[in-house]
Amino acid sequence: MKRALFSLFLLSLLAVGASSQRISRNKAYLDYFEQYKDIAIEQMHRYRIPASITLAQGALESGAGKSELTRKANNHFGIKCHGWTGRKSYHNDDQKGECFRAYRNARESYEDHAVFLTTGKRYSRLFELKTTDYKGWARGLKACGYATSPVYASKLIEIIEVYELYRYDHAKRHGKSMFGSGTYVVREFNKNSYVIARKGDTFRIIAGEFDMSYRKLARYNERDKRDVLEEGEKIWLKKKRTKAPKEYKHKLHVVAAGESMYSISQEYGIRLKNLYKMNGLAPDYAIKVGDRLRLR
């Protein structure tokens, strides 16, 4: 009897251990979901694809946005060419040098993923399911041949449950903080998003389009909230990063005529004080044409 009880005790410990491992969360995944949840909800409202499924597929297929295919081609869902007439990128997958669709930004990838599912006859039966039935959608995607992995459905379900992505399937509206109303084209760079200012724009005008504080928007861009913006300049929608992306590790920016430290910091989405600091320059240093600046 004691031996049996001890065995049960060991089994319960193992079960708790397994459960605690299962619910541990990866920061890269958390950041990914925070960045793309709004567009996933938007696609759900437009195309009736559960936001949880879109996010789980995007994170799984792209390695939380860090895969080579995603970094080089903005392809978050591993969609291959299949008659695609747009830009292409070649990577090893089931076979060597397979053709994958390439996009200008993540938003295009998310949009094409929705169109791919809604127009593909093999996926038509999925749209008979409710948008809250993430398990049905996960199993249906596997059954319809979206992926070859035998555990594809269970992986999607686990991601959704560990990160509680099913919450987004009940969202009544998507946020405008990342994607706006469509008046501005939102572009992505350096794990951030920006728009191009139009003639006569102010921080108040742009902030109004994205349902955010214009004071905060000005701070993100290290400017006075009353500034009139120049047509064509980049306006970042979140706080700028401390350095440029990894691909700029061994690249230098050569200062051209008319550039300033501020304009360069805006170009790469880097905070101004960090640009000075990484180059060992004092804040009052006046850059000259031909100066070479580190970006990370």
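R101 and D112 are both buried in this predicted model, and their side chains meet in a salt bridge, with 2.8 Å from N to O. R101 belongs to strand β2 and D112 to helix α5, so this pair ties together parts that are 11 residues apart in sequence. Pairs of this kind rest on a simple idea: side chains of opposite charge can pair when their charged atoms come close.

The R101–D112 pair has company, for the structure holds 18 salt bridges. Another of them joins K80 to E98, where the closest N and O atoms are 2.9 Å apart. Here too, distant parts of the chain are linked: K80 sits in the loop between α4 and β1, while E98 is in strand β2 (residues 98–101), and the two residues are 18 apart. How covered are these partners? K80 has a relative accessibility of 17%, and because buried means under 20%, K80 counts as buried. E98 has a relative accessible area of 16%, so E98 is buried as well.

A third pair offers a look at residues with other degrees of cover. The side chains of E108 and R104 meet in a salt bridge of 2.5 Å, again from N to O. E108 is partly exposed, at a relative accessible area of 24%, whereas R104 is exposed, at 65%. Salt bridges can also share partners, and in this way E42, R46, R107 and E111 are joined into one network.

From charged pairs, attention turns to the nonpolar interior. In soluble globular proteins, nonpolar side chains tend to be buried together. In this model, the largest nonpolar core has 45 residues. Those with the most contacts inside this core are F33, L55, L117, Y123, L141, Y146 and L165. Several helices contribute: α2 (27–47), α3 (51–62), α5 (106–119), α6 (134–143) and α7 (152–162) each supply at least two residues of the core. The largest share, 9 residues, comes from α2. Helix α5 therefore appears in two parts of this account, since it supplies core residues and also carries D112, the partner of R101.

Charge returns at the surface. A positive patch there is formed by K66, R71, K191, K238, R241, K243, K246 and K249. Two members of the patch can be placed more exactly. K243 lies in the loop between β5 (234–236) and β6 (252–254), and with a relative accessibility of 37% it counts as partly exposed. K191 lies in the loop between β3 (187–189) and β4 (192–196). With a relative accessible area of 51%, K191 is exposed, because the cut-off for that word is over 50%.

The backbone of K191 deserves a second look. K191 has a positive phi of about 55°, although it is not a glycine. Which other residue, H82, shares this description, and where does it lie? H82 has a positive phi of about 45° and is likewise not a glycine. H82 is found in the loop between α4 (68–73) and β1 (88–91), and K80, the salt-bridge partner of E98, is in the loop between α4 and β1 too. The cover of these two loop residues can be set side by side: H82, at 59% relative accessibility, counts as exposed, while K80, at 17%, counts as buried.

Definitions and conventions: Residues are numbered from 1 along each chain as its sequence is written. This is a predicted model: local features need pLDDT of at least 70, side-chain atom pairs count only at pLDDT 80 or more; totals for chains, interfaces and linings use all residues. Side-chain values use heavy atoms; hydrogens and water are left out. Patches are made of residues with over 30% relative accessible area and no salt bridge: like charges are joined within 9 Å, nonpolar side chains (Val, Leu, Ile, Met, Phe, Trp, Tyr) within 5 Å. Accessible areas come from the Shrake-Rupley method with a 1.4 Å probe; for residues, only the protein chains shown count as cover. A salt bridge is a side-chain nitrogen of Lys or Arg within 4 Å of a carboxyl oxygen of Asp or Glu. Lys and Arg count as positive and Asp and Glu as negative; His and the chain ends are not counted. The place of a charge is taken as NZ of Lys, CZ of Arg, CG of Asp or CD of Glu. Helices (H or I, at least four residues) and strands (E, at least two) are DSSP runs, numbered from the N terminus. Buried means under 20% relative accessible area, exposed over 50%, partly exposed in between (1.4 Å probe, protein chains only). A nonpolar core is a set of buried Ala, Val, Leu, Ile, Met, Phe, Trp, Tyr and Cys residues joined through side-chain atoms within 4.5 Å.
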